[in-house]
Structure formats: C-alpha cells, structure tokens
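Open the structure in your viewer and keep the selection tool ready. We will go stop by stop.

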Amino acid sequence: TSNGQGVITLPANATGFVSTIAGADLTMAGRIQGAGQLNCYGEAQVRIGGTLANTFTGGVQGFSGDLVLQKPAGVTALPLSSPSVDAGVVVGNGGPARLILAATNQIADDNYVRLEEGAEFNLAGFNEVIGSLIMTGASVSTGAGALGIVGDFFTLPSSLTSTLTGNLTTGSGGGSPATEWI
C-alpha cells in the first residue's frame with residue numbers, strides 16, 4: 001500500500017493516469033485540483049482520501065479495479081465536472097471495476113455517474129446524492145444506505161442485466177421528478 005499526501009494538480013486538457021497492480025493499493029490523501037481528468041486502471045484499490053475537498057473539474061474514469069471514496073462524510077472526493085467537459089464519473093469499460101463509498105456524500109450532488117458493462121457502484125450502507133445515473137449492464141447496491149438521484153436515471157441496452165438493489169429516491173426534493181428510463 002502506498003500513500004500520497006501532496007497536492008495533485010491536473011492541468012487543463014490533460015489526463016492524470018493512476019495504474020496499480022494486484023496487491024499494490026494506492027491512497028491519494030492530498031487535494032486533487034485543476035481542470036484535467038483523472039483515470040484509474042489496475043487490479044488494486046485506488047483510494048481517494050484526505051480531509052480537503054477535491055476541486056478538479058475534468059471528471060474521473062475508473063476503467064478497472066476499485067475506486068474507493070474515503071474522505072470524511074460530506075467532504076467532496078469527486079467534484080462536479082466542468083460543463084464544457086462531458087466526463088462526470090465513469091466506471092468500467094476496461095475490466096472489472098467498482099466504485100465504493102467509505103463515507104456518506106462523497107460525490108458532488110450535480111455530478112452524473114455512468115456505469116459501463118459489468119461495473120458496480122457499492123454504497124456500502126452510506127448515503128449518496130448524484131445528478132444522474134446511467135447504467136449499461138451494471139449494478140448498484142446501497143446496503144442500508146440510500147442513493148438519491150436528482151436528475152435522470154437511464155438504463156441502456158446491454159447483454160447484461162442492470163440491477164439496483166436497495167434504497168433509491170428520485171426527484172429534486174420539491175421540484176419536478178427525475179426522468180426514469182428503465
């Protein structure tokens with residue numbers, strides 16, 4: 001296991017790559033900032049931790065392995081992507097991939113989460129609110145926690161079945177309800 005404590009700056013129009021091998025987990029405990037994108041590959045866990053909210057705006061892609069969000073409850077691990085960047089939070093599309101919460105409210109509430117074939121979003125009993133959810137042959141499990149979706153919820157065609165197990169709320173809490181395409 002390796003721990004990174006310093007600030008990571010992702011420049012605009014650039015991608016920061018994190019690659020791990022089995023048994024070589026990595027914890028990034030410093031702030032991640034800038035306008036670039038973060039891409040994670042590998043067979044081990046990449047943990048985004050530390051006490052400072054991340055502010056990078058290029059989105060994140062967890063192509064394979066586990067992406068564990070472990071900042072203190074309510075401290076943003078995955079901030080909202082810039083409106084000019086179609087990135088959000090993308091999990092899968094490169095091998096078995098899981099997005100795992102280790103605390104409540106790790107993802108910016110307006111951010112979208114896209115789960116590609118075989119990907120899993122495990123809330124592990126914690127609560128999370130996201131902007132939209134797009135699933136293509138993927139799974140979401142909340143445990144005792146709940147997933148709130150304030151925007152759209154789509155499932156796209158796949159040879160695999162998309163499943164959502166647990167507690168789900170949709171709508172914007174007093175505004176118009178979300179569009180649900182299942």
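Select Leu 133 and show what surrounds it. Setting aside neighbours within four places in sequence, Leu 133 is in contact with Val 113, Leu 115, Val 140, Leu 147 and Ile 149. The list goes on with Asp 152, Phe 153, Phe 154 and Leu 164. Bear in mind that this model is predicted.

Now widen the selection to the largest nonpolar core, which has 33 residues. Which of its residues touch the most other members? They are Leu 38, Leu 99, Leu 115, Phe 121 and Leu 133. Colour the elements that give two or more residues to this core. These are strand 6, strand 7 (45-48), strand 9 (65-69), strand 10 (89-91), strand 11 (97-101), strand 12 (112-115), strand 15 (132-135) and strand 16 (139-149). In soluble globular proteins, nonpolar side chains tend to be buried together.

Next, go to strand 6, residues 37-42, and pick Gln 37. Is Gln 37 buried or exposed? Its relative accessible area is 16%, so Gln 37 counts as buried, the cut-off being under 20%. Show its contacts, again without residues up to four places away in sequence. Gln 37 touches Leu 10, Ala 14, Thr 15 and Gly 16. It also touches Gly 58, Gly 59, Val 60, Gln 61 and Ala 87. Then draw a C-alpha to C-alpha distance from Gln 37 to Phe 56: 7.6 Å in space, with their positions 19 residues apart in sequence.

Stay with strand 6 and add strand 3. The two pair in the parallel sense over 6 bridges. Find Val 18, which stands opposite Cys 40 in strand 6. Now look along strand 3, residues 15-20, where the side chains alternate. Gly 16, Val 18 and Thr 20 point to one face and are buried. Thr 15, Phe 17 and Ser 19 point to the other face and are not buried.

Move to strand 7 and select Arg 47. With a relative accessible area of 18%, Arg 47 is buried, because buried means under 20%. Where does its side chain make a polar contact? It meets the side chain of Gln 45, at 2.8 Å.

Finally, zoom out to the whole chain. It has 0 helices and 19 strands. Of its 182 residues, 47% count as buried. The chain exposes about 8,000 Å², and carbon and sulfur atoms supply 53% of that. Among contacts between residues at least 6 apart in sequence, 38% join residues at least 24 apart.

How values were computed:
Residues numbered from 1 in each chain as written. Predicted model: local features only at pLDDT ≥ 70, side-chain atom pairs only at ≥ 80, totals over all residues. Heavy atoms only, no water. Helix = DSSP H or I, 4+ residues; strand = E, 2+ residues; numbered from the N terminus. Buried < 20%, exposed > 50% of the residue type's maximum accessible area, 1.4 Å probe, protein only. Contact = heavy atoms within 4.5 Å. Core = buried A, V, L, I, M, F, W, Y, C linked by side-chain atoms within 4.5 Å. Areas by Shrake-Rupley, 256 points an atom, 1.4 Å probe, with all protein chains shown as cover. Polar contact = N/O pair within 3.5 Å; in protein donor to acceptor, adjacent residues only side chain to side chain. Pairing = 2+ DSSP bridges.
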